[in-house]
Amino acid sequence: MISVTKLLCDSAYFGDGLRYSHSSRGAVHGTTTNQGPVVVWNCTKTCNLKCIHCYAGSESKKYEGELTHAEAKRFIDDLAAFNVPVILFSGGEPLIREDIMDLAKYATRHGIRVTFSTNGTLIDKEMAKDLKTIGVGYVGISLDGIGENNDRFRGKKGAFDAALRGIQNCLEVGQRVGLRFTINRHNYADLHDIFKLIEEENIPRVCFYHLVYSGRGSEMVKEDITHEESRYAMDLIMEKTMDFHRRGLEKEILTVDNHADGVYLYLKLQNSDPLRAEQVLNLLKINGGNRTGIAIGEVDWYGNVHPDQFTQNHTFGNVKERPFGQIWTDVSHPILAGLKNRKPLLKGRCAKCRWLDVCNGNFRARAEAVTGDFWESDPACYLTDAEIGL
């Protein structure tokens, strides 16, 4: 994640402690010394929607073999023993899982910060209260367009209104909530309206995701925006972030899954505010760029451990058979070992890039989806050859 708010405005939010802590620099197995990674748990593959970009390929049906309640509790025990700071419940749609509230409560009692990635359509007033009561740290609700555009993208009429009600219900009870928006060719034109929405609805946080070609999203390589459009989107995000800050509107704005954003922001600041630019560069170096396989990992509905939620084609073990911590620190698998020290393995533009220390090769899933080579250059990097020093 790139915290645009932190970099431009020097505002501080919870996640900044994980992203820009000096103790995270050079970490091998987690975000800080003696701490495990943030873990995304896709706790079920079942979903009530059918999004065209779904990395999990979820459908509205029951999938056999998912972790049982007892297995899930053992898994959470293992995460606590490995000092995992955050568990992100995702899916499918995590709120469909019948025991999800019990498991969320169990994780919070173990001192793990609980967050949710959800489509928000199931969050009525009572569920919002339950999430708040349990002590859920954050709920990220996905909207991928305004009105009918979101509904088409999400595969269900009324999904936009239901998700917006979910956000409103969380805000009403004081549950920390934010909006997730995956930028692609179909909703690129909605960016202005999304910023209008978060102001009108007083939504305090928004994450703009770059498209990753995985699951059903792997069919969308040609549906991604162009490099020029990526630059324009970043210009708009920076402009709106500064506008909110100038007007005293507290909004946390982040971009996700493309570390070219941090370099691009730095290069723009060099022209307008050189002193702040140097401070930003230092923060980007501390963060270290993409930390898939280092500071973030994923466990799927069957218990398989992967580098992240978009790279489920590479499996390192299963938590039904071994504790997560043992799997995560076992570098006998070449992909896991490579991710922990990837710079010598990178190819193409990534290998020669002057910003490698602040990007760390960007997103491997996209490189593999397009080229078939896990270590090739990320095709979504929109920086020019001149900008990266070629």
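# Reading loops, helices and contacts

User: Gly 92 lies in the loop between S3 and H4. Which residue does a cis peptide bond join to Gly 92?

Analyst: This is a predicted model in which local features need pLDDT of at least 70 and side-chain atom pairs count only at pLDDT 80 or more, while totals for chains, interfaces and linings use all residues. Residues are numbered from 1 along each chain as its sequence is written, and side-chain values use heavy atoms, with hydrogens and water left out. Helices (H or I, at least four residues) and strands (E, at least two) are DSSP runs numbered from the N terminus. The cis peptide bond joins Gly 91 to Gly 92, with omega at about 15 degrees.

User: Is Asp 99 buried or exposed?

Analyst: A residue is buried under 20% relative accessible area, exposed over 50%, and partly exposed in between, for a 1.4 Å probe and protein chains only. Asp 99, in the loop that runs from strand S3 (86-90) to helix H4 (100-109), has a relative accessible area of 14% and is therefore buried. Asp 99 also shows how sequence and space diverge, since 31 residues separate it from Thr 68 in sequence while their C-alpha atoms are 9.5 Å apart.

User: Which residues other than glycine have a positive phi?

Analyst: Asn 83, with phi near 60 degrees, and Asn 360, with phi near 65 degrees, are two such cases. Asn 83 belongs to the loop between H3 and S3 and counts as partly exposed because its relative accessibility is 41%. Asn 360 sits in the loop between helix H15 (356-359) and H16, where a relative accessible area of 6% makes this residue buried.

User: How far apart are the end C-alpha atoms of H7, and what follows that helix?

Analyst: The expected span of a helix is 1.5 Å times one less than its number of residues. For the 15 residues of H7 (residues 159-173) that gives 21 Å, and the end C-alpha atoms lie 22 Å apart, which agrees. After H7 comes Gly 174, whose phi is positive, near 80 degrees. In helix H11 (residues 274-287), 14 residues should span 20 Å, in agreement with the 20 Å between its end C-alpha atoms; Gly 288, just after H11, has a positive phi of about 85 degrees.

User: What do the buried residues of H7 pack against?

Analyst: Contact means heavy atoms within 4.5 Å. The buried residues of H7, including Phe 160, Leu 164 and Ile 167, pack against helix H5 (125-134), strand S5 (138-142), helix H6 (148-154), strand S6 (177-183) and helix H8 (191-200). H11 likewise has buried residues, among them Val 280, Leu 284 and Asn 287.

User: At what angle do the axes of H3 and H4 cross?

Analyst: Axes are lines fitted to C-alpha atoms, for helices over the stretch in contact, and angles run from 0 to 180 degrees between N-to-C directions. The axes of H3 (residues 69-81) and H4 come within 10 Å and cross at roughly 20 degrees. Angles under 35 degrees count as roughly parallel, over 145 as roughly antiparallel, 65 to 115 as roughly perpendicular and the rest as oblique, and H3 and H4 are therefore roughly parallel. Their crossing is right-handed, the near helix being turned clockwise from the far one by less than a right angle, whereas anticlockwise would be left-handed. Residues that meet here include Ala 72 and Ile 76 of H3 and Leu 103 and Tyr 106 of H4.

User: How do H8 and H9 cross?

Analyst: The axes of H8 and H9 (residues 227-246) come within 11 Å and cross at roughly 20 degrees, so these two helices are roughly parallel, and their crossing is right-handed. Among the residues that meet are Phe 195 and Ile 198 in H8, and Leu 236 and Phe 244 in H9.

User: Which side chain does a polar contact join to that of Asp 378?

Analyst: A polar contact is a pair of N or O atoms within 3.5 Å; within protein, one must be able to donate a hydrogen and the other to accept it, and residues adjacent in sequence count only if both atoms are side-chain atoms. The side chain of Asp 378 makes such a contact with that of Arg 366, at 2.8 Å. Asp 378, placed in the segment after helix H16 (364-371), counts as buried because its relative accessibility is 3%. Another polar contact, of 2.7 Å, links the side chains of Thr 121 and Asn 119.
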